[in-house]
Amino acid sequence: MEIWISQIFNGLSVSSILLLIALGLAITFGLMRVINMAHGEFIMIGAYGAYMTQQIFKSTLPKSLFDAYFPVAILVSFVIAFAIGYLLEVTLIRFLYGRPLDSLLATWGVGLMLQQLARSIFGAPNVAVASPSWLDGGLTLFTGVVLPYKRLFIIALVALCLFAMYLYIYRSNAGRRMRAVMQNREMAACLGISTRRVDAFTFAIGSGIAGIAGCALTLIGPIGPSIGTYYIVDAFMVVVLGGVGKLVGTVAGALGIGVFNTLFEWWSDASLGKVLVFLCIVAFLQWKPMGMFAVRTRSLD
């Protein structure tokens, strides 16, 4: 029983990390149809945002206030990634809508430039971000089962971000305008919606969520310029498996991949477990090419 509870919690923990990483991609790729290969670099920007916040707290504030740096780091990571995402959309992405191959190549090049910029500023070696003391230790359910506070905090952070995105997309005027533009750009423009402003703000929000994901990843291990490249493939798999353009599909895809990946790795090993997950995704997409939750439309293919 202890082993099963630990494995289920590990699966939920991996799923929460994948969901937080894929949540921003679900907006830029799922809703805007932009293949953003620089999404991993926005994760890297958020991680280094947390690192810079930690260094500022260490050098300028009393030691007693150090534990308060992480909530500030989450906000800083979001703001920095949001601003860079907005700048990227205004200067490059808005000229590539409807051109998926061009957007793929352009964002790939932007990602390489951002990685090199990070190496020039912070250096090539990985750096460590110290977690606050209130995240040390774990919650003991019973003998042999301890749930780390860091993982529990990440799960809570993911739930909060998911709830905030649901309210924004489905319960706010800005979210309604965003969905209107993504569904029928010409009609939305005829009704007086500034489509360029909506595009820029939507892409920036997706980038900002990627920054929060990068900040959360600093609780797991050291960070480096290439930290985002380790997760970009999994993020695309989550979005495609769940169904492009569906928030509930992103949640279901992250849960499926995270839980099955953990169970397969426990049953075999890390490499074989990853291969088995890929095979399951390929087999499922052969059965349902549109993913778990397909977007309903009145148009005919």
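Helices here are DSSP runs of H or I with at least four residues, numbered from the N terminus. Keep in mind that this is a predicted model.

**Lys 58, a residue on helix H2.** Helix H2 covers residues 39-60, and Lys 58 sits within it. Is Lys 58 buried or exposed? Lys 58 counts as exposed, because its relative accessible area is 51% and the cut-off for exposed is over 50%. Now look for Ser 6: its C-alpha atom is 35 Å from that of Lys 58, and 52 residues separate the two along the chain.

**How confident the prediction is, from strand E1 to helix H3.** Across the protein, the mean pLDDT is 86. A value of 70 or more is reached by 96% of the residues. Strand E1 (residues 138-142) has the lowest confidence, with a mean of 80. At the other end, helix H3 (residues 69-91) has the highest, at 94.

**Thr 28, tucked into helix H1.** Helix H1 runs over residues 2-31, and Thr 28 is part of it. Thr 28 is buried, because its relative accessibility is 0%. So who is it touching? Setting aside residues up to four places away in sequence, Thr 28 touches Arg 33, Val 34, Asn 36, Phe 203 and Gly 206.

**Two residues of helix H4: Ser 103 and Trp 108.** Helix H4 spans residues 100-122 and holds Trp 108; Ser 103 belongs to H4 too. Ser 103 has a relative accessibility of 2%, so it counts as buried. Beyond its neighbours within four places in sequence, Ser 103 makes contact with Val 34, Ile 35 and Leu 96. Trp 108 is partly exposed, because its relative accessible area is 47%. Try finding His 39 as well: its C-alpha atom lies 9.3 Å from that of Trp 108, although the two are 69 residues apart along the chain.

**The second largest pocket, with a volume of about 330 Å³.** How many residues line the second largest pocket? There are 14, and those nearest its centre are Val 14, Ile 17, Arg 151, Asn 261 and Glu 265. Two elements give two or more residues to this lining: H1 and helix H10 (247-267). H1 makes the largest contribution, with 5 residues. As for chemistry, the lining is a mix of 6 nonpolar, 4 polar and 4 charged residues.

**Inside the largest nonpolar core, 79 residues in all.** Four members touch the most others in this core: Leu 20, Met 165, Ile 223 and Ile 257. H1 supplies the most residues to the core, namely 12. In soluble globular proteins, nonpolar side chains tend to be buried together. Zoom in on Ile 223 to see what surrounds it. Leaving out residues up to four places away in sequence, Ile 223 touches Ala 47, Tyr 48, Tyr 51, Asn 126, Val 127, Val 129 and Thr 218.

**Helix H9, largely enclosed by the rest of the structure.** Helix H9 takes in residues 232-242, and 9 of its 11 residues are buried, which means that the rest of the structure largely encloses it. Which residues of H9 are buried? They are Ile 232, Asp 234, Ala 235, Phe 236, Met 237, Val 238, Val 239, Leu 241 and Gly 242. Just after H9 comes Gly 243, which has a positive phi, near 120 degrees.

How values were computed. Residues numbered from 1 in each chain as written. Heavy atoms only, no water. Buried < 20%, exposed > 50% of the residue type's maximum accessible area, 1.4 Å probe, protein only. Contact = heavy atoms within 4.5 Å. 1 Å grid on protein atoms, 1.4 Å probe; cavity = no way out; pocket = protein on both sides within 12 Å on 5 of 7 lines; lining within 4 Å. Points joined across faces, edges and corners; volume = space filled by probe spheres on them. Nonpolar A, V, L, I, M, F, W, Y, C, P; charged D, E, K, R; others polar. pLDDT = per-residue confidence, 0-100. Core = buried A, V, L, I, M, F, W, Y, C linked by side-chain atoms within 4.5 Å.
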